[in-house]
Amino acid sequence: MMKNQIAGFMKQAQQMQDNLQKAKDDLSNLQVEGISGGGLIKTIISCNYDVKKIEIDESLLNEDKDILEDLIVASLNDALKKVELKSQEKMSSITGGLPIPPGFKFPF
């Protein structure tokens with residue numbers, strides 16, 4: 001009986017690993033948009049943390065360099081928070097809603 005339990009556990013572990021890989025692939029194709037300055041700065045980031053695009057409204061090009069830099073950082077941070085939420089949602093669906101420890105980072 002013990003041998004069957006181990007085989008069942010190994011099968012479940014492999015299935016979980018396959019599901020995690022599929023989630024990783026799905027997330028790499030999913031993009032989120034971070035916004036700052038009331039939409040004057042937009043950042044597009046994939047859910048595997050690749051920055052795809054930064055859009056800067058032309059009205060900001062005459063602004064002080066420090067203001068522009070701060071708005072870009074705010075837009076990136078907004079997008080990163082959204083990536084984190086999307087990743088947690090995806091992983092929660094795989095883990096069956098088991099709580100994920102705060103600050104836990106998935107290996108992708």
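How many salt bridges does a search of the whole structure find? The search finds four, and three of the views below show one of them each. The model is predicted.

**View 1. Helix 2 and its buried residues.** Helix 2 runs from residue 65 to residue 94 and holds 30 residues. From its first C-alpha to its last, helix 2 reaches 44 Å, close to the 44 Å expected at 1.5 Å a residue. Its buried residues are Leu68, Leu71, Ser75, Ala79, Val83, Glu84, Ser87, Met91 and Ile94. These residues pack against helix 1 (2-29) and against strand 1 (31-36), strand 2 (41-46) and strand 3 (51-56).

**View 2. A salt bridge in helix 2.** The side chains of Lys82 and Asp78 meet with N and O 3.3 Å apart. The two residues are four apart in helix 2, so about one helical turn separates them. Lys82 is partly exposed, with a relative accessible area of 31%. Asp78 is also partly exposed, at 23%.

**View 3. A salt bridge in helix 1.** Asp26 pairs with Lys22, and their closest N and O atoms are 3.1 Å apart. Both residues lie in helix 1, four residues apart, which is about one turn of the helix. Asp26 has a relative accessible area of 27% and is partly exposed.

**View 4. The salt bridge between Lys53 and Glu55.** The N to O distance in this pair is 3.4 Å. Lys53 is partly exposed, with a relative accessible area of 45%. Glu55 is partly exposed as well, at 32%.

**View 5. A nonpolar surface patch.** Met2, Ile6, Phe9 and Met10 make a nonpolar patch of about 470 Å² on the surface. One of these residues, Met10, is found in helix 1.

Notes
Residues are numbered from 1 along each chain as its sequence is written. This is a predicted model: local features need pLDDT of at least 70, side-chain atom pairs count only at pLDDT 80 or more; totals for chains, interfaces and linings use all residues. Side-chain values use heavy atoms; hydrogens and water are left out. The expected span of a helix is 1.5 Å times one less than its number of residues. Buried means under 20% relative accessible area, exposed over 50%, partly exposed in between (1.4 Å probe, protein chains only). Contact means heavy atoms within 4.5 Å. Patches are made of residues with over 30% relative accessible area and no salt bridge: like charges are joined within 9 Å, nonpolar side chains (Val, Leu, Ile, Met, Phe, Trp, Tyr) within 5 Å. Accessible areas come from the Shrake-Rupley method with a 1.4 Å probe; for residues, only the protein chains shown count as cover.
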